[in-house]
Each structure stands twice: as C-alpha cells, then as structure tokens.
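Here is a small set of exercises to work through with the model open beside you. Try each task before you read its solution.

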Amino acid sequence: MSVRDEAAKIADEIAELRHAIHREPEIGLDLPKTQQKVLGALAGLPLEISTGTALSSVTAVLRGAKPGPAVLLRGDMDALPVTEATGLPFASRHDGVMHACGHDLHVAMLAGAARLLSARQSELAGSVVFMFQPGEEGFAGARSMIEEGVLDAAGPRVAGAYALHVSSNRLPLGVFSTRPGPMLAAADQIFVTVHGKGGHASTPHRAADPIPAACEIVLALQTMVTRKFDVFDPVVITVGSFHAGTTDNVIPDSASFMATARSYSPETRNMLAELVPQLARRIGEAHKLEVDAQYRTEYPVTVNDAAEAAFAGATATELFGESRAELAEFPITGAEDFSYVLEQVPGAFLMLGACPPGTEPETAPTNHSAYAMFDDAVLPDGAAMLTELAIRRLARG
Ligand SMILES: [Zn+2]
Ligand SMILES: [Zn+2]
C-alpha cells in the first residue's frame, strides 16, 4: 500500500488529535497539555523520545533498520493570543487563545508521519528526527531546541530538514508551495523614542516638541526604503504603534513608536540595522532633540536550499500531481523561526493550502485571524508528504 493510502487510513485519528489540540490551545514555550497529547499520540511507537528543558518540546528519533543519514521533520505546537470566532465544533474552549496559525494541524500531521514512518522502520536506511516545537510565534522555540541538541538528536547532524505550514487563504486547498532561496522574510523590530521638553501647546518655542520630529522620522523611513534599497531585494517597514501626548493643549515630554522591518538578504538586513537608528538620531539632532533608536533583530530570513526545495517540489508533484504543486514566484513577507534550522542544515519550508471548500482563497480570513479556518482534508496528505520527504531523502543517502 502506498504511503498516501496508509495516511488516508489514519485520517480520522490525525483529525482527532488536531481537534483535541485545537480545543485546548497554549501559548509560548511552555505547552504542557499539548506536550502530553503529543506524548500520548507517540506512545507505543518504536521511538526514542526526549523532552525539552527550557521549553516543553518533544524530540522523537526513529532509527531505521539500515544505516544511513538522519533527516528532520518539524511541527510547531503553539497558539496565539486571539479569541476564536470560527464557531467550529472543536473551537478553542479558552477565550483569548486560539490556534489561529494552524499549528494544531502541524502537530497532528507530524504525529501522523511518526506513525507512518514507524510502520516502515524495517525499510528505512537512516534515522528520522521528529521536532515538536513550542514557541514559534515570537519566542524562538526552534533556536532553543537547536541549543538543546535537536539537530544532533540521532547522533550525526541531520542532513536535511523539512517543515510544512498550512495557510487558511491564498493557496487553494491541498496545494503545496515552495521555492528555492528566500521563502520567508527576516522580521526585525524598531523602537524609537524622541525626547523633548513638555510645555504649553500655545508656546511651543518655550518647549521642545517631540511630535513633529517623530512624524518626520516615520515618513523618512518610508523614503529611505525606496531610496536606499534595491527594489529587487525588497524591504517593508511598517510603523504599527505610535504614541505621544494626552490632550490638545499640552506638548508632551516624549513621543515613541514601534515598527516592524522585513527583509530578504543578510546584506539588506545589516544595512537596515545601521541606517534606521542613524536616520532617527540625525533627524532628532536636526531639531536639537535626543532620540533613542533601537534596531532589534528577531527571526532571520528563511532560506530554502535550492536542491532541497526542488526535491520537495518534485516530491509533491509526484505524489499529488502538478495541479497541487506550486513553485512560488515570490517569498512571503511573514517570518518563521524554522529559519534558525535552515541556517544550520539544508532543507525546505513548504506552505500547504488549507482553505476550506466553498471559500475563496483570495478572500478567506488569513492566518492569525479570529476567523481563520483550516480544513481537515489536508491532514492525511500533509502527513504523507512529510513521510515521503523523509523516506526519499534517506534513500538519497
Ligand atoms: Zn503564525
Ligand atoms: Zn505559523
């Protein structure tokens, strides 16, 4: 029987695990209930299981009967601070916490793959490392797991690493999408505070108004994006938070804003880290105002190895047909901490369309929306895809 057929046979089981995790979502690095569900799903399989110290991760190693390299499959486990509004029968039971990024599906598909691969242990030449990872949404859980040794969990360093991410919009249901090179952006944070001197709004010359200078910095950042950076190595800067003052007739002491910066190459990222604080400080200087400007690097660019992306794309085409395998023209402006894994070892990150039937991919609520819905139909195929990636990568030696 093919892996796909075997996956279809356990589709209900995979969906059940997904629903259980979806009902009880947890945020961050400590996900004890989710961890228990993962351990429960893996119980009885021929795996070497260890759990994390700094985070509630689960690392499982399957050793094939024959010698060979090691490959890594990753599923992230954490939810978001969102109150679910989908009305699904298995919706979150907790206000303010929701699996709005579909990580519940990732856990279930990875557990399904663990089951499918365990059944083929005697045929495998090498080892498979299953990386169940907390804290993807801003907590850099992947980096912590790397520090705790996940890449070497099987002994030799993994030779290839793969992750699937479901999408509630854009991609049609069941379509796998990947590309060589940059797949997702680097996402960094910018913090700016302009320090002035408060006073009466009617006599600004007796105060030092921080607001116009802060506004100038916001606009200058947008100009900088278009004047300093190659249009073919794109940059996005969005000021998402801007705060100053309390009322119309008082000049405040300070004005602050926060922004996100997205980029796709280390060179551009380094330039941003240098130019953004410099621009902010110098505009402050021009107005004789002190400016604190911090550029804080967060997740790096997620870069797919060209050969591994081609391999993953070919695997999707062979398994599911050309209509379900997309070579993505452009990267995504989102960011991922799987980037830390792909900085260390070659591999590929793939998106999987999970937009429910009857909804339009272009207009469906996006990942992170309180209305985001991910269809169970992708679960067996996602598990089969992870399984085949491992089998075929090991077969390459
Ligand atoms: Zn997310
Ligand atoms: Zn995600």
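**Exercise 1. Find the protein donors of the zinc ion (ligand 1) and say how they are spaced along the chain.**

Step 1. Look around the zinc ion (ligand 1) for donors, meaning N, O and S atoms within 2.8 Å of the metal (3.2 Å for Na, K and Ca); water is not among the atoms, so sites may look incomplete. Cys101 (SG), Glu137 (OE) and His368 (NE2) turn up, lying 2.0 to 2.3 Å from the ion.

Step 2. Read the donors along the chain: their spacing is C-x35-E-x230-H.

Step 3. Place the two ends of that pattern. Cysteine 101 is in the loop between S3 and H4, and histidine 368 is in the loop between S16 and helix H10 (378-395), so this pair links distant parts of the chain, 267 residues apart. Helices (H or I, at least four residues) and strands (E, at least two) are DSSP runs, numbered from the N terminus.

A note on conventions before going on: this is a predicted model, in which local features need pLDDT of at least 70 and side-chain atom pairs count only at pLDDT 80 or more, while totals for chains, interfaces and linings use all residues. Residues are numbered from 1 along each chain as its sequence is written, chains are lettered from A and ligands numbered from 1 in the order in which they are written, and side-chain values use heavy atoms, with hydrogens and water left out.

**Exercise 2. Describe the site of the zinc ion (ligand 2) and find the residue that bridges it to the zinc ion (ligand 1).**

Step 1. List the donors: Cys101 (SG), His103 (NE2) and His165 (NE2) coordinate the zinc ion (ligand 2) at 2.1 to 2.5 Å. Their spacing along the chain is C-x1-H-x61-H.

Step 2. Cysteine 101 is the bridge between the two zinc ions, which lie 3.1 Å apart.

Step 3. Cysteine 101 sits in the loop between strand S3 (66-76) and helix H4 (103-118) and histidine 165 in strand S5 (residues 160-167), so the pair ties together parts that are 64 residues apart in sequence.

**Exercise 3. Which of cysteine 101, histidine 165 and histidine 368 are buried, and which partly exposed?**

Step 1. Set the classes: buried is under 20% relative accessible area, exposed is over 50%, and partly exposed is in between (1.4 Å probe, protein chains only).

Step 2. Cysteine 101 is buried at 7%, and histidine 165 is buried at 6%. Histidine 368, at 39%, is partly exposed.

Step 3. Check the backbone of histidine 368 too: its phi is positive, about 85 degrees, although it is not a glycine. Alanine 140 likewise is not a glycine and has a positive phi, of about 50 degrees. Alanine 140 lies in the loop between strand S4 (125-133) and helix H5 (141-147) and is buried, at 6%.

**Exercise 4. Characterise the largest pocket by its volume and its lining.**

Step 1. Apply the definition: on a 1 Å grid over the protein atoms alone, a pocket is an open set of points where a 1.4 Å probe fits, with protein on both sides within 12 Å along at least five of seven lines, and lining residues have an atom within 4 Å of a point.

Step 2. The volume is about 640 Å³, counted as the space filled by probe spheres set on the points, with grid points joined across faces, edges and corners.

Step 3. Of the 22 lining residues, Cys101, Arg262, Gly334, Ala335 and His368 lie nearest the centre of the pocket. S5, strand S13 (290-299) and strand S16 (347-353) are the elements that give two or more residues to the lining.

**Exercise 5. Where is glutamine 35, and which residues does it touch?**

Step 1. Glutamine 35 belongs to helix H3 (residues 32-42) and is buried at 12%.

Step 2. Leave out residues up to four places away in sequence, and glutamine 35 touches Thr51, Ser56, Ser57, Val58 and Met77, where contact means heavy atoms within 4.5 Å.
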